[in-house]
Structure formats: C-alpha cells, structure tokens
Amino acid sequence: MHAIPASVSPETASDRPLLAVLRGERRDPPPVWLMRQAGRYLPEYRALREAKGGFLAMCYDPATAAEITLQPIRRFGFDGAILFSDILVIPHALGQDLWFEAGEGPRLAPPLLDGDFSMLRQAIGRLDPVYETVRHVVADLPAGTTMLGFAGSPWTVATYMVAGAGSKDQGAARRLAYRDPVAFQRLMDLIVGATVEYLIGQIDAGVMAIQLFDSWAGSLAPDEFRRWVISPNRAIVDAVRARQPAAVIIGFPKGIGEKLPVYARETGVDAVGLDETIDPVWANDALPGDLPVQGNLDPLALVAGGSALERAVGTIRAALATRPHIFNLGHGILPETPVSHVEQLLAMLRR
Ligand code: CP3
C-alpha cells in the first residue's frame with residue numbers, strides 16, 4: 001500500500017521538476033525530455049501516421065496531435081511533454097504552401113529568393129488547431145509533467161522560407177541577407193510578429209515553458225549572427241514577457257559554439273540548450289553559474305547504447321553536477337534509435 005503522506009501538500013503533489021529547474025533550482029536526478037521524443041522511432045507513432053495519412057494533417061488534428069504528444073509520456077514518463085507540431089506552421093500560416101516530400105523533407109512554395117514578400121499575409125491565420133492541441137494535452141497531463149510549447153527562431157524559419165526547402169549551408173537566405181538587408185529585415189520582422197502571437201496563443205492555452213529552436217544559428221558570420229540571431233530572439237523574449245511576465249523561455253541555438261555566452265546574456269532567455277558538439281565542461285565554466293542548461297547527449301550515443309551511452313551520460317552529468325541541469329539530447333532523436341536504449345538511458349539517470 002502506498003498511502004499519500006499527510007505532509008504532501010497540493011503544491012508538492014503537483015511539483016514539476018522540469019519547470020523547477022527552468023526557474024533555477026537544481027534537482028538530482030536531473031529532469032529529462034528528448035527533442036523529437038514523439039516521432040518515427042516509436043512504433044505507436046508510425047502506426048498512427050500510417051492510419052492518419054501524413055505528418056502535416058496530424059499537426060492540424062488536435063485529438064491526434066495530443067495523442068502523439070502523450071505517447072512518449074505514457075511509455076517513458078518523461079518530465080516534459082513537447083507539443084506535437086512543426087516550426088514550419090508559421091510560414092504556412094503566413095501564406096506559403098507547405099508539404100513534406102517523402103524521404104527528402106519540407107517544401108515551401110513559392111520560395112522567397114528575390115526579397116519580394118508581397119504574397120505573405122501580415123498576420124498569422126489558421127493556428128487555432130495547435131492551441132486546441134495544447135488544451136487537449138494539458139487536460140490529460142500527469143501532475144508532475146511540464147507542458148512545453150515551441151517555435152522556430154526567425155533566422156531558422158527564414159532559411160526555409162527563402163530557399164523553399166532545407167539546405168546544407170542556408171546559402172539562399174545568407175545571400176539575400178547580404179544583398180538586401182532591408183528586405184530581409186522586413187521578413188524577419190514579419191516572422192517575429194507572427195511568432196510572438198503564436199507563442200502567446202500557446203501560453204494562453206496552457207504551455208508552461210517554451211523553446212525557441214534556432215537550428216541554423218551556427219551558419220552565420222559574427223555580425224550577421226548578432227543581427228539575425230541575437231536581435232530577433234531578444235525581440236521575441238521581450239515581447240512575450242511584456243504580455244506574459246512569468247513566461248519561461250529556453251533558447252536552443254544549435255552550432256554556435258563560443259558564441260553561447262553572448263547569446264545567453266543578450267537574448268535574455270531563461271535557459272540554454274547545448275548541442276552535442278559543445279563540451280559541457282567548457283559550457284559550465286563559460287556560462288553564469290545559475291543559468292539552467294539543457295542537453296547535450298549525442299543522438300548517436302543513444303543509437304549506440306551500452307557502455308558508449310553509459311560513458312557519455314556520465315561525462316555530461318559530471319560536468320553539470322552543480323548547476324540547474326535538464327537532461328536532453330544535443331539534437332533530435334534519430335528514427336533508428338532503439339526504444340530499449342531510451343529505457344536504458346532513463347534507468348541510468350534514475351538509478
Ligand atoms: O520535439 C518534438 O517531438 C516536437 C515536435 C517537433 C517536430 N519538429 C516534429 C516533426 C519539433 C519541435 C520540430 C522542430 C523542427 N522542425 C525543427 C527544429 C529542430 C531541428 O530538428 O533542427 C526543424 C528544422 C523542423 C523542420 C522539419 N520538420 C524538417 C527538416 C523535417 C523533415 C526531417 C525529418 O526528420 O523528417 C520535419 C518533419 C518532422 N517534424 C517530423 C516530426 C516528428 C517527421 C515527420 C514524419 O515523417 O513523420
């Protein structure tokens with residue numbers, strides 16, 4: 001029998017370790033969630049995708065998207081549930097066509113290569129289903145789980161909007177930003193405005209923290225980085241906090257290496273995500289001691305499992321042993337990851 005002791009207050013009973021760490025507490029073991037934790041490595045996701053016919057349709061179907069959000073929570077009991085959606089719903093809501101080419105990735109049409117953005121709407125439409133998903137998830141969320149919302153950061157979203165697809169070097173957007181910075185700034189302002197509305201909509205619907213994914217922040221030269229990564233992320237943080245002062249914001253600027261301290265300081269995010277190329281010992285020295293840090297297991301170490309996984313997890317935990325730390329991957333979980341390795345990871349963390 002496990003009677004609940006009388007000393008457990010409602011506050012303790014609804015304690016959310018991930019949210020506590022994001023607010024600056026240290027917890028042992030660290031709370032854990034995995035980027036892309038809902039997705040193709042899970043048989044229950046693949047089955048649902050087969051039945052529902054297509055990724056984007058699932059993103060706009062609140063009951064299905066909520067179910068997918070909760071699949072990894074039910075299976076693994078992660079501390080965070082991340083909204084099932086995509087960063088590219090923002091360009092879609094601004095008026096570009098969006099589809100996913102099997103085996104290749106996203107396509108946006110028309111591409112915006114020439115700096116003419118007249119086809120874009122000035123405000124977002126059709127994202128109500130996403131907020132509805134959040135309400136569904138929150139209604140079914142276990143008491144200790146933190147509901148995470150997200151958006152892409154403007155630079156990363158712009159790289160897809162300009163090229164009309166993913167690219168190795170984000171060359172199309174980088175070229176446009178050099179050739180016509182005034183036009184590019186207009187595009188960024190449009191994305192910032194839409195993203196703020198979108199995040200406020202998610203918060204109003206019940207998300208408890210948000211993550212800004214800047215997956216391509218690492219492709220910019222230093223001055224361009226300040227202009228297209230620091231400034232727009234700062235603008236989003238300020239605008240969201242102006243309307244929701246208690247908003248908790250994680251910044252994940254992938255690939256920026258030594259620019260991480262300046263990113264953390266100048267954007268004003270509450271926590272930073274480290275990608276797997278960052279040495280956590282360096283990050284621990286370089287970042288303010290009270291700044292919560294998230295990361296940064298190599299997704300391939302999780303694919304490998306066994307003693308390689310054991311070693312990698314030990315290195316990260318030792319490096320971040322004295323600061324608020326949320327355990328996560330350095331980037332999204334890979335579709336070939338064995339479910340048993342995720343179980344192994346959780347057993348290691350909770351041992
Ligand atoms: O983390 C989560 O589980 C929440 C959901 C989520 C998805 N995409 C679902 C998804 C999140 C947070 C994203 C973010 C995202 N989407 C980013 C930033 C993070 C990163 O990975 O760099 C980017 C760049 C995208 C754009 C995108 N969406 C690409 C390039 C692709 C195709 C590549 C791929 O993995 O297939 C997607 C599709 C996508 N987004 C899938 C999922 C589960 C796969 C869809 C499927 O085939 O079932």
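## The ligand and its surroundings

A residue is near a molecule when one of its heavy atoms lies within 4 Å of that molecule. In this predicted model, 21 residues stand around the ligand, and those that come nearest are Arg36, Arg40, Tyr45, Arg49 and Ser215.

Sorted by class, this shell consists of 13 nonpolar residues, four polar residues and four charged residues. As for its location, the ligand sits in the largest pocket.

## Polar contacts of the ligand

Both side chains and backbone supply polar atoms to the ligand. Arg49, one of the residues that come nearest, has an N or O atom in its side chain 2.4 Å from an oxygen atom of the ligand. Asp86 places a polar side-chain atom 2.7 Å from a ligand nitrogen atom. At Ala38, a polar backbone atom is 3.5 Å from an oxygen atom of the ligand.

On its own, the ligand has 860 Å² of accessible area, and the protein covers 88% of this.

## Salt bridges

Within the protein, the count of salt bridges comes to 13. One of them joins Arg27 and Asp15, whose closest N and O atoms are 2.8 Å apart.

Arg27 belongs to the loop between helix H2 (17-22) and helix H3 (43-52), whereas Asp15 belongs to the loop between helix H1 (10-13) and H2; the pair therefore ties together parts that are 12 residues apart in sequence.

Definitions and conventions:
Residues numbered from 1 in each chain as written. Predicted model: local features only at pLDDT ≥ 70, side-chain atom pairs only at ≥ 80, totals over all residues. Heavy atoms only, no water. Polar contact = N/O pair within 3.5 Å; in protein donor to acceptor, adjacent residues only side chain to side chain. Areas by Shrake-Rupley, 256 points an atom, 1.4 Å probe, with all protein chains shown as cover. 1 Å grid on protein atoms, 1.4 Å probe; cavity = no way out; pocket = protein on both sides within 12 Å on 5 of 7 lines; lining within 4 Å. Sits in = over half its atoms within 2 Å of the grid points. Nonpolar A, V, L, I, M, F, W, Y, C, P; charged D, E, K, R; others polar. Salt bridge = Lys/Arg side-chain N within 4 Å of Asp/Glu carboxyl O. Helix = DSSP H or I, 4+ residues; strand = E, 2+ residues; numbered from the N terminus.
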